[in-house]
Amino acid sequence: MLQLDIHPTGRHFLQIPGPSPVPDRILRAMSLPTIDHRGPEFGKLGLKVLGGIRQIFKTKHPVAIYPASGTGAWEAALANTLSPGDHVLMYETGHFASLWQKMATRLGLSTEFLAWQGADAQLPHAPSWRRGVQADLIEARLRKDTEKKIKAVCVVHNETSTGVTSDIASVRKAIDAAGHPALLMVDSISGLASADYRHDEWGVDVCVSGSQKGLMLPPGISFNALSPRALEAAKAAKLPKAFWAWDEIVEMNKDGYWPYTPNTNLLYGLSESLDMILSEGLDNVFARHQRWAAGVRAAVNAWGLPVQCADPAVYSPVLTGVITPEGVDADALRRLIHQRFDLSLGTGLGKLKGRMFRMGHLGDSNDLTLVAMVAGVEMGMKLAGIRLAGSGVQAAMDHFSSHTAPAALQKAA
Ligand SMILES: *Cc1c(COP(=O)(O)O)cnc(C)c1O
């Protein structure tokens with residue numbers, strides 16, 4: 001039975017790959033009084049966060065901020081640029097790519113879903129959900145589209161359901177090599193501010209992101225980073241849009257305001273998050289995530305369990321998907337770990353339901369938090385009767401103690 005009057009002692013271990021833990025600094029910033037969103041102070045806050053978020057996306061162009069979850073910003077990306085019946089080429093990396101495709105279909109677009117094709121297609125656990133995008137498939141498809149019917153190519157940058165990243169620059173190269181005018185749209189909801197992302201350099205037209213992953217904020221705001229071509233396409237696009245329409249937002253954003261009531265307190269939080277991330281430096285942030293991911297994978301390898309991502313070149317720096325042994329229900333294991341150790345892990349989504357769990361290693365974390373997560377998982381697996389090849393805790397400790405953190409290096413210098 002739920003005993004709501006008894007609160008566990010200590011901190012809950014929120015190790016799902018988003019929402020990620022919110023730093024106290026951000027929680028405090030958000031606790032300030034809500035101000036007049038048409039008043040003079042607000043404009044300064046608006047201009048600050050709009051400027052800062054551009055640095056995170058690495059873009060000179062406008063970024064629309066919505067008081068909505070990431071799903072809303074997915075819809076905004078499609079509704080602003082496309083017309084009913086338009087053909088869209090999407091790529092199936094996992095559950096989130098599938099949800100975006102489902103949404104595009106519901107909006108009245110005609111979608112085509114490419115999936116990984118390779119020699120070891122007999123790989124268990126959804127083989128196409130174990131690799132990143134194959135840009136050559138996209139290039140070949142675009143070359144065949146001599147009438148230029150395909151209006152957009154949509155790819156997920158960090159597939160949160162699997163722990164696999166995709167090489168976005170290679171997709172832009174493929175589109176250009178095919179000489180095709182399709183827009184490039186990217187979901188980096190869980191990649192932004194954890195995994196390397198370069199909006200302008202990679203030639204992305206619309207990038208969708210959200211607050212509750214790498215930005216370390218609560219859920220509730222999301223983003224569309226734009227390109228001049230995306231803004232141009234929006235002028236002719238005929239899908240119905242009003243709340244999501246970029247034109248009024250971009251216009252009012254010039255002075256730091258929005259056409260509707262923005263999420264004031266979350267914007268205080270965003271301002272704090274931007275200060276934290278930009279003062280650390282994006283390259284340090286990315287290196288920190290890579291190092292954590294390697295430590296967690298060392299633990300999984302020591303346990304003798306397979307990682308969902310089958311290509312080491314595209315391991316996610318944000319999360320690691322772990323396949324449980326045959327006959328072990330990953331969700332029952334997650335429940336046991338939650339009950340015994342107050343540790344939340346990500347569930348297996350879609351095709352991977354019950355077959356895997358996801359360990360988040362993003363945002364406001366550190367080596368010892370991750371060692372504790374590994375310890376909780378290891379104890380839980382032993383309690384569940386799973387035979388492990390070795391100690392993941394020892395492997396993670398060895399990894400973290402022998403690989404100096406980039407930020408610690410700076411402190412010592
Ligand atoms: C979290 C996530 C979403 C969904 O965002 P919501 O904020 O839950 O609407 C979509 N795509 C990816 C890759 C995600 O990680």
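User: What makes the second largest cavity a cavity, and what is its volume?

Analyst: In this predicted model, the second largest cavity has a volume of about 30 Å³. The word cavity means that a 1.4 Å probe fits there but cannot get out, so this is an enclosed space and not an open pocket.

User: Which residues line the second largest cavity?

Analyst: Its lining is made of Leu-14, Gln-15, Ile-16, Pro-21, Gly-360, His-361, Leu-362 and Ser-365. Lining residues have an atom within 4 Å of a cavity point, and that is why these residues are listed.

User: How do you know how the lining of the second largest cavity divides into nonpolar, polar and charged residues?

Analyst: Each residue is sorted by type: Leu, Ile and Pro count as nonpolar, while Gly is placed among the polar ones. The result for the second largest cavity is four nonpolar, four polar and no charged residues.

User: How many cavities of 30 Å³ or more are there, and what surrounds the largest?

Analyst: There are two of them. The largest has a volume of about 40 Å³. Around it stand Ile-65, Tyr-66, Pro-67, Ile-221, Trp-258, Tyr-260, Pro-262, Asn-263 and Leu-267. By class, that lining has eight nonpolar residues, one polar and no charged. Tyr and Trp count as nonpolar here, which may help if you are sorting the names yourself.

User: Now to the ligand. What makes the pair formed by Asp-187 and the ligand a polar contact?

Analyst: A polar side-chain atom of Asp-187 lies 2.7 Å from a nitrogen atom of the ligand. The cut-off for a pair of N or O atoms is 3.5 Å, so this pair qualifies. Lys-213 passes too, because one of its polar side-chain atoms is 2.6 Å from a ligand oxygen atom. With Gly-70 the backbone takes part: one of its N or O atoms is 2.8 Å from an oxygen atom of the ligand.

User: How much of the ligand does the protein bury?

Analyst: The protein buries 88% of the 380 Å² that the ligand exposes when taken alone.

User: Which residues around the ligand come nearest, and which helix gives the largest share of the shell?

Analyst: Of the 13 residues around the ligand, Ser-69, Thr-71, Thr-160, Asp-187 and Lys-213 come nearest. Helix H3 (residues 70-81) gives the largest share of the shell, three residues. By class, the shell has four nonpolar, seven polar and two charged residues.

User: Why does the protein chain agree with a compact globule?

Analyst: A compact globule of 413 residues would have a radius of gyration near 22 Å, and the chain has 22 Å, so the two agree. Its C-alpha trace spans about 60 × 55 × 50 Å along the principal axes.

User: What makes the peptide bond from Gly-18 to Pro-19 worth a look?

Analyst: This bond is cis, with omega near -5°. Pro-19 sits in the loop between strand S1 (13-15) and helix H1 (24-30).

Notes
Residues numbered from 1 in each chain as written. Predicted model: local features only at pLDDT ≥ 70, side-chain atom pairs only at ≥ 80, totals over all residues. Heavy atoms only, no water. 1 Å grid on protein atoms, 1.4 Å probe; cavity = no way out; pocket = protein on both sides within 12 Å on 5 of 7 lines; lining within 4 Å. Points joined across faces, edges and corners; volume = space filled by probe spheres on them. Near = heavy atom within 4 Å. Polar contact = N/O pair within 3.5 Å; in protein donor to acceptor, adjacent residues only side chain to side chain. Areas by Shrake-Rupley, 256 points an atom, 1.4 Å probe, with all protein chains shown as cover. Helix = DSSP H or I, 4+ residues; strand = E, 2+ residues; numbered from the N terminus. Rg over C-alpha atoms; globule rule 2.2 N^0.38 Å.
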